[in-house]
Structure formats: C-alpha cells, structure tokens
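Here is a short set of exercises to work through with the model open beside you. Try each task before reading its solution.

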Amino acid sequence: MKFQKDLLGIKQLDADQIQYILKTAESMKKIIFSESTKAPQLAGKSVMTMFYENSTRTRTSFELAAKYLSATASNMAVSSSSVKKGETLIDTTRTINMMGTDCIVIRHENAGAPHLVAQNVDATVINAGDGMNEHPTQALLDFFTMQEQMGSVEGKKVAIIGDVYHSRVARSDAYGLLKLGAEVVMAGPRTLLPNDLESLGVKMYTDVDKAIKDADVVMPLRLQLERQKNCFFPSGYEYAKYFGVNEERMKLAKKDALIMHPGPVNRGLELQSSLYAPDKSVIDRQVTNGVAVRMAVLHLFINRNL
Amino acid sequence: MTILLKNLTIVSTTEVTTGQDIFIKDGIIEKIGTGLKETCDTVLDLSGKIAFPAFFDMHTHMRDPGFTYKEDIETGTKAALHGGFWGVAAMPNTSPVTDNVPVVEYIINKANKFGYAKVFPVAAITKGLEGKELTEMIELKAHGAIAVSDDGKPVSDSNTMRQALRYAHMAGMPVVCHSEDLSLVNGGVMNEGATADRLGLRGITRAAEEAAIAREIILAKSYNLPVHITHISTKGSVELIRNAKKEGVQVTCDTCPHYFSLTDEACEGYDTHAKMNPPLREAFDVDAIIEGLQDGTIDAIATDHAPHHFDEKKVEFDHALNGIIGLETSFAVACTYLYHTKKLSLSKIAELMADTPCKILNLTPAEIKVGNVANITVCDLNEIWMPTPENTVSKSKNSPYYGRELCGKVTTVITDGVLKLS
C-alpha cells in the first residue's frame, strides 16, 4: 500500500488506504497491551509534536504512540516558543525540520495550516486538527472503534449530533464513513450546522430524534460554551434539553447502538452524565484505540518508502 | 514629432471600423483614414490589431504613501500602462490616509514625475477612514481629489453615510462605496458555500454585501442623490441594483475581472492568491455578473488592483491579506471571458473599461477622434499568453491568473500623445 508524504486529511485517502491503516492498527493495539511496549518500527526516527491549540489527549496519544515504536518524541511548547515573538508558521516549522525531525505532528487553529507546513518541509506532516477542516486520526480511531464493535460500518447509520459547523471531527468522520459505505446523518441547531455538507450525501436535521432514529452509532460532539456569546445557541439548558444525547433519546436508536464522543465530554450538556460509563458507551475504548491508530499512522507515513 | 499607426481596427463605444490608419502630430490625432501616406518619425504596422480608446481604472491601490514595499506610484503606474490604462483612481487607504491636502498633492506630483499613467486620488469619506467625521471634501476636491470612498474600511454607521452622500454631492465629489456589513462578515474569510465547508474555512454570507448595498440604495433614493457601488460580486447585488435603476435611483456600479472569470473553487488548496474582499463567489454569481454587464446594470469594469508582499500571502489562509493585483491582466481577462465567449462586443468592452469609468468620476474619457490628444490602447485579441511572476511589472506578484492561459493582450499604448509602450 502506497502512502503520500503527509497525512493532511481523510479527504486524501481512499477506502483501501483507510482499511490498511485500520488493519495495521490492530497489530499495534497488541503492542500496547503486551509485556514490553517497545516495538522497533520507528527506532532512529524523531517525531515532534507542535500544538498551537490546547490538547491533552491527542498530544499525549501521539507522544506515547511514537515512544511505543521507539521514536524520539519531543514536544515544542508553543506558548514559550518564538511564535510568541512573531515568527511565521513556515519559519518555525522550517527550523524544526532542519533539526533532523522526521515527522511533525501539528495542531493549529487555522484550516490549511498543516498543508502550508507540508509544502515547506521535507518531514512527514501529520494533521492533528486544523481549524474547522479535519482531524484525520480522530476519524480513523472512530472507524477503528466502530469496526471493532460492529465488524463493518457498511450500511450502518451513524448519527453525529451537535456543533457540526465548528467540528473538524464531524467533517473527517463524514468523509471517511461515506467512503466506507456508511449512512451519515447529522443534527443540531440550525446555527451550528454547515450549509453545504449535504452536497456530499450527508443528511441534516434540526430534530435530533430524527437523526437518532434507528442509528447504529450516536456521536454527540463537544459544545464550546463560549459560542453562546456569538448567538449560536441561547443557553446550556435549552441545548441539553433539545439537542443533548440522553437515555430517553437513545431508546430511538437501535438496540445496543454505540455511543461515542471525541472528548473531552461536557457531562450533562451534549451527553447525559450517566451515559459516560464503560457499560453505556465506548468512549474509553476510543482513547486506547487512538494510540493504536496513531502508531499505525506514524509507522505507515514515516516508513512509507520501506 | 509624428506617429503613423497603420492598418488598425478602431473600436469606439458605438462602432468598429476596420482598415484604419491614425496620423498623430505633436500628440494630437490629425487624421484617421485608409491608406494614409504621411511621412512620420515613427511608423507602426499594426495589421490585425485593435485600437481601443485608452482604458481608465476607477479602483486601484497604489499603496503610496505608506506601503511602498507592496507597490509605489512608479511601479503601479508602470503596471497600469502595461495594462493599457491612461489613468487610474487611487484608493485612500494609504498611510497616512488620503484624507488631507498634502497627501493628495504628493500622489499627483509623484505620478506626474514618472509619466507612465495619471493618478487621480480618491479621498477618504471620513478622517482616518474611521467612519466618524467627514473629510474636508470641498478643499480636497480643490486640490485634485476626484471622489471619496470608504474602500477597505466601510462606513458602518448609516447616519454617517447619509450625511456623507449629501455633503459629497454638494462638494461635487462622487461617492464610491465599498459596501459590506462587517457584523455579517463575522470572521469569515471566503465565500460561504460548499467550498468553504470542504476547506473548513469560515464563510462570508452574500448578505454582508447585499445588505450594505441595499442601505446605500435606500439612502440614495431617499435624497435623490447619486451613489456608486464598487466591486459587486453576487447575483443578489446585481438584482438589487437592476431593480433600483428601474425605479430611477441614481445608482451606478462596477465589478472586477475576477468576479466574472473565477469562482470560490480557486481557493482550493488554501490558495491565498484567490483571497480577496468581497470573496470569489459561485458559478451562478459569475453568470449573473455577466448578465449585469450585458444588460447595463453594471456600468464599469474596475481592477481593484491590490498589491501585497509575498510575506503577507504565504501564510495561513485565515491570516493572509485580502486582495490581488489586476492592472496588467484586466483587459486579457475581459477579452478571454467576455469577448471570446461572445458575451460582450468590443464596443461594450470599450464602454466598460474606457468610457463609463471616467464619466462616473466626472473625467473626460479617451476617444479616438480627430483633434483629440492621442490616448490609444492597441490590443491583439488572439495572442495567447500566461501571466507569471516574471512577466509581471507590478512590485507585488499576487495574481490568481498565474498559470492560467489568457487570450488577448495589450501590445501598444499611446497616452497623452506619446508612444509609451510598443
């Protein structure tokens, strides 16, 4: 299987490449739970994480994935770096590149920032989330979790609920799930739904019940409370009541439907607190699978020429 | 000093005449006819080429004073000359802002020093472009400013715009409106639509442009005053202005070559050379803009020539500055996308690029006529070429047309009676 230099989005991958990454992640997952979490795939390679936006789980997940495969993993602390002195993104990443970095994992508030970096460095660039554009490794871990639980996503109905407009996770999930043959529906307040994802074949509802009806997977998205100030929604109370995922609403979904969440969860807002439990949702599994998928991605993209 | 131009097709706003020679003596067109035999200092055989009245651009950013690392009056007027323009109107968002007499005089004097193209300063509507106090419009006009505009920083307060229209009219200053409701832009960086969704970029609703245009129209109508809307880009804007004109409102407008030739898909790959304000729209907007040009709703083609340094463009799309250069490609784009597609005649292009822009600004347009000073732009309609950073005269190289083939080129320019490009 041939991979490009960079993983910038799910948009660039075809179904075979996605499945190949997921297949590789299966064997990676075994490493995580083995006696020695030290495999040799990335020995002698260096991975730099550069997070221009706050993150705990994604950054840690990438760092561990790199370390489990014997890479030298470092993190550039953006807040204390020359970025604060006004250095441009291209110049900062060129500098990192010239230190012999094989792979730059970047999260950035601006859509397209990883693409800009990728054009200007010869290191592999992995997009760890860019603005409202894509979050490819989150989507891959979502697919991995769905397939692990259901065998295949083909013909399955996946309902993504909430702030779709600002969500790079929703977009990456939609691009990939459509390629893998799933049915994707989305629901949320009109102000938080994008205008034109429907042209790709995604159904949009403002009635959450309609989206959840007979769904195989229900995925509420994190709501940023500060969006209330920008008139995206009136209050947390109204949001939770009419757009939140709760036990009552889940009765509309298929029996044993999966509840997933990209995290971190606002308990009681987009997801009823009681549903965030190992027997009710697969959110904890997603986290573990995230490490496995990132190990697969780092290995396949950094070692693409092997 | 005598010049003989031979075997031209002469285009005016009303007719196209083939096989013509033009005899120019001491800068004045002395004779137009077939087979002229005058002995001249310079004889140019221009068989197969087209003579237009020289063009005028009513919307240019010269960046001088203040931002001369992007463009200055020397390079900007040279770019204008290469695009076939005898003159340009320079927008006031300079530093210091063109809101005072010394800046107006500086601009005029500097342009005269080089003599590539004339520059007519457009003064700010409000001091410092801050949208609060009116500029000294009578005084600015007396020293050579030809219009007022809020380009780049729209007047948000409706009462300020109301008073500006009334005072400017008294002062004999046309008002050129950059119509944009900033509250509706709300952080957007490109057109709202499928492409913005696909790129994960924040969209700008068409309503941001249209709501502001509706306001200008209503103000113009309320006081029966003229208003000019610059760089319209949406189907809705064309409809608003078409209906206002039917009602007799004194509204005129222009559009730019990119709004009838490109769509927001040019932003794919986060190409910042396709980022401008208003943003590139969709195919149905492009069609509506062309219909507006055909039926006279749109009065003029302007370039909105907006040079930016590559450091201001080679950044994240969100952070890239708005604007593209356009002086050197304006005719070629019009020729490719309007003439060769049979949407507009050559006479109509002469009207949109040479005649009406001047009339809106109370200037005398170029006209190829015996007794007139020669202001002639000669074009080859069939020359296929590709704009590149290397063949760009402007100091900045931010064009979305790099790598796109265009058909039609300005080859020879005579302005003020002098052969300046051949």
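**Exercise 1. Locate Pro278(B) between its flanking elements, then give the state of the peptide bond that leads from Asn277(B) into Pro278(B).**

Step 1: Pro278(B) sits in the loop that runs between strand S14 (251-255) and helix H9 (283-294) of chain B. Helices and strands here are DSSP runs, numbered from the N terminus, with H or I of at least four residues for helices and E of at least two for strands.

Step 2: The peptide bond from Asn277(B) to Pro278(B) is cis, and its omega is near -5 degrees.

A word on conventions before moving on: this is a predicted model, in which local features need pLDDT of at least 70 and side-chain atom pairs count only at pLDDT 80 or more, while totals for chains, interfaces and linings use all residues. Residues are numbered from 1 along each chain as its sequence is written, and chains are lettered from A and ligands numbered from 1 in the order in which they are written.

**Exercise 2. Describe the peptide bond from Gly263(A) to Pro264(A), and then the phi of Arg63(B).**

Step 1: The bond from Gly263(A) to Pro264(A) is cis, with omega near -10 degrees. Pro264(A) belongs to the loop between strand S9 (258-259) and H10 of chain A.

Step 2: Arg63(B) has a phi near 65 degrees, a positive value in a residue other than glycine. Look for Arg63(B) in the loop between strand S6 (55-60) and helix H1 (73-82) of chain B.

**Exercise 3. Characterise how H3(A) packs on H4(A).**

Two packed helices are described by the angle between their axes and the distance between the axes.

Step 1: The axes of helix H3 (residues 89-98) and helix H4 (residues 113-120) of chain A come within 9 Å and cross at roughly 50 degrees. Axes are lines fitted to C-alpha atoms, for helices over the stretch in contact, with angles from 0 to 180 degrees between N-to-C directions.

Step 2: This angle makes H3(A) oblique to H4(A). Angles under 35 degrees count as roughly parallel, over 145 as roughly antiparallel, 65 to 115 as roughly perpendicular and the rest as oblique.

Step 3: The crossing of H3(A) past H4(A) is right-handed; a crossing has that name if the near helix is turned clockwise from the far one by less than a right angle, and is left-handed if anticlockwise.

Step 4: H3(A) contributes Leu89(A), Ile90(A), Thr93(A) and Arg94(A) to the contact, and H4(A) contributes Ala113(A), Leu116(A), Val117(A) and Asn120(A). Two residues are in contact if their C-beta atoms, placed from the backbone, lie within 7 Å.

Step 5: By class, this contact has five nonpolar, two polar and one charged residues. Ala, Val, Leu, Ile, Met, Phe, Trp, Tyr, Cys and Pro count as nonpolar, Asp, Glu, Lys and Arg as charged, and the others, Gly among them, as polar.

**Exercise 4. Do the same for H2(A) and H10(A).**

Step 1: Helix H2 (residues 57-68) of chain A and H10(A) have axes that come within 8 Å and cross at roughly 55 degrees.

Step 2: The two helices H2(A) and H10(A) are therefore oblique to each other, and their crossing is right-handed.

Step 3: Among the residues making the contact are Phe62(A) and Leu64(A) of H2(A), and Val291(A) and Leu298(A) of H10(A). The class count is nine nonpolar, two polar and two charged residues.

**Exercise 5. Which domains make up chain A, and which element gives the most to the side of domain 1 that touches domain 2?**

Step 1: Chain A is divided into domain 1 (10-134 + 287-302) and domain 2 (136-284); the bounds come from an automatic or database domain assignment.

Step 2: Their C-alpha centres lie 25 Å apart, and the contact takes 24 residues from domain 1 and 19 residues from domain 2.

Step 3: On the domain 1 side, H10(A) gives the most, with seven residues.

**Exercise 6. Count the residues in the contact between chains A and B.**

Step 1: 14 residues of chain B are in contact with 21 residues of chain A. The chain B side divides into six nonpolar, three polar and five charged residues.

Step 2: For confidence, the predictor gives the complex an ipTM of 0.87 and a pTM of 0.93.
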